[in-house]
Amino acid sequence: MAAHPIDDISPQLLWAEDGSPRSGRFGDVYFSKDDGLAETRAVFLEGCGLPQAWAGRSAFAVAELGFGTGLNIVALLDLWRRARPSDQARLSVFTVEGFPLTRDEAARALAAWPELAETAAALLDAWPAGTPGFHRIDLPQWGAAIDLAVGDAHWALEQWSGTADAWFLDGFSPALNSGMWSPEILALVAARSAPGARIATFTVAGAVRRGLAEHGFEVEKKPGHGRKRERLEARLPSSAPSRPRPHVAVVGAGIAGASVARALIAEGARVTVIEAERPGAGGSGFPAALVTPRLDAGDAVVAGFHAQALERARDLYRRLPGAVIAEGVLQLEQAPRDAVRFDKVAAQTLWPADAMTRPDAAACAERLGESVETGGLLMADALALRPSAVLEPWLAGTERVTASIAAIRTDQDGAVLLDAEDATILKADVVVITAGWGSAALLPDLGLSPVAGQADWVETALPPGFETPVAWGGYAVPTGTGLLFGATHDRGATAPVPNEEASEHNRATLAAVLPGRAALVKASTPSRRIAVRATTRDRLPACGELEPGLFVLTGLGSRGFCVAPLLGEYLAATILERPSPLPRAFADRLTVGRFTSSP
């Protein structure tokens, strides 16, 4: 399924003499030139009964059609900051925009309200690039997360798996933008509404009133704001039940387990992490790691998932002191077909401007500090990462248990984790298995395959250019204190031991492409380490619910540091019944059932 059915996403923005923005595409204003903020507060915030509607709630979800300048969401955040139910309460926002403004355009529009400056600045600092798909804007200082879907409203609502407690229907007027108010859209709004959900909108068009009423909403006209005579409020009967804080056991403390734990704790869950040795004992324990997407020029879902995953991983890693070693990874061409493939990848609309560029051999050599024979693909948003600076901060706040899990039993009361002697290690409401290749013993039906990989590294000062992360069939990555290079791919090896033969292979691979780096390595005393990657048949992660109370995140291969942060948030949202940042098409592609279901 295409991530965005609209080819031209420019809003064709115009500015009136009074400084207010107007859509040239729809011939309508984004907000009232008289007092847009007062209208937002009256029509949407008060229209949805806020803040009273979230009083006493631990989590509250708002959905919006028509993100526009972001004014409604800034006003919502401002109110949430002043009237948040508790310091642990979470606000989730899902908002849709087919024709996104740039950050500078939004800043110009929002500057009209100095009283919102601090809140607006936080949103603008995290303003997404506006590429097609889902984008998460995380504001942990206020316990809020915004998922912006850039695309057609029908597509966005179909792909969203959350439910809203309140809706802001703020597309351009039905007369000018009928697609936003179609019966199909209203049906999806109803399907994505929680019990007791409230809807607010400026329009009282008959088709909108009738459409909401047909789906069970109690619809009522209210006095309008300013020159508008009337507005609309609607409400579903009953209310959402409160849910107890769950206890979640996470098996494994590599990047998958740490990502799940971080996301669960952010959403208020109690988390216990069980690890046989220590955090990073498996594939996440090298001194450096690449954060790169899987490049796919033909499969829109695979490409779109990795683009979203890279964006989320980059945003989260940048917040951790000392985590990012270098930004921008150069992927060199290995075969003639790579040039064509890289051209197609660079042309994909999934990436922000200049995120994927095509330097020739001379430009690659200049960047790398030594000659190479081919061009490449420069992935500006990809990273070299220090894993140790990620795992401990993301595991902070969890309870820790050192043990080896031999079996897991689940029933209607939760899950029991057992050791090899059938003794109970832990009881929890939910279990998430994130143990990499260690997951295979607990989940034999997934058909995971082991691929052992040894990497070597040296401690040494790097000359200019050598600090650039580079990949081809192998890789050379700065560690901050030296250079990591490798890695072997020994399929089927389940208990490998670091060895000189693998080190020689890594040195030869490096020398064949980057002889300058190979000479540097030869002059230094190397260290080496080996770990086993878990892979699936289609080289995509296995992620989701295996059975009630039992969830899985494994099979990440060599892309764990790219995909785990987003998938951790997806699993946390699924477990806690919160809005998910992952489009349904992506989640369906990664489901554990693709391996366990009968043909």
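Between which two strands is the loop that holds Ala-487? Ala-487 has its place in the loop between strand E26 (482-486) and strand E27 (490-491), and Figure 4 returns to the peptide bond before Ala-487.

This is a predicted model, in which local features need pLDDT of at least 70, side-chain atom pairs count only at pLDDT 80 or more, and totals for chains, interfaces and linings use all residues. Residues are numbered from 1 along each chain as its sequence is written, and side-chain values use heavy atoms, with hydrogens and water left out.

**Figure 1. The whole protein, with 18 helices and 30 strands.** Helices (H or I, at least four residues) and strands (E, at least two) are DSSP runs, numbered from the N terminus. The protein has a radius of gyration of 25 Å, close to the 25 Å given by the globule rule for 599 residues, so it is as compact as a globular protein of that length; the radius is taken over C-alpha atoms, and the rule is 2.2 Å times the number of residues to the power 0.38. The C-alpha trace spans about 80 × 60 × 45 Å along its principal axes. Of the 599 residues, 57% count as buried, where buried means under 20% relative accessible area, exposed over 50%, and partly exposed in between (1.4 Å probe, protein chains only).

**Figure 2. The largest nonpolar core and the surroundings of Tyr-317.** A nonpolar core is a set of buried Ala, Val, Leu, Ile, Met, Phe, Trp, Tyr and Cys residues joined through side-chain atoms within 4.5 Å. The largest one has 80 residues, of which Leu-264, Val-291, Phe-305 and Tyr-317 touch the most other members, and helix H16 (residues 560-576) gives the most to this core, with eleven residues. A second, separate core of 79 residues includes Trp-54, Leu-65, Ala-149 and Leu-169. Leaving aside neighbours within four places in sequence, Tyr-317 is in contact (heavy atoms within 4.5 Å) with residues including Ile-255, Val-291, Leu-383, Val-390, Trp-394 and Phe-561. In soluble globular proteins, nonpolar side chains tend to be buried together.

**Figure 3. Helix H12 (residues 388-395) and what covers its buried residues.** Ala-389, Val-390, Leu-391, Trp-394 and Leu-395 are buried in this helix. Their cover includes helix H8 (255-266), strand E13 (270-275), helix H9 (300-317), strand E17 (376-385), strand E18 (399-402) and H16. After H12 comes Gly-397, with a positive phi near 90°.

**Figure 4. Two cis peptide bonds, one before Pro-51 and one before Ala-487.** Most residues other than glycine have a negative phi, and most peptide bonds are trans. The bond joining Leu-50 and Pro-51 is cis, with omega about 15°, and Pro-51 is found in the loop between helix H1 (36-45) and strand E4 (59-65). The bond from Gly-486 to Ala-487 is also cis, with omega near -5°.

**Figure 5. Arg-539 and Glu-577, each with a positive phi.** Arg-539, although not a glycine, has a phi of about 60°; this residue is found in the loop between strand E28 (526-535) and strand E29 (542-547), and at 58% relative accessibility Arg-539 counts as exposed. Glu-577, likewise not a glycine, has a positive phi of about 60° and is found in the loop between H16 and helix H17 (584-590). With a relative accessible area of 53%, Glu-577 is exposed.
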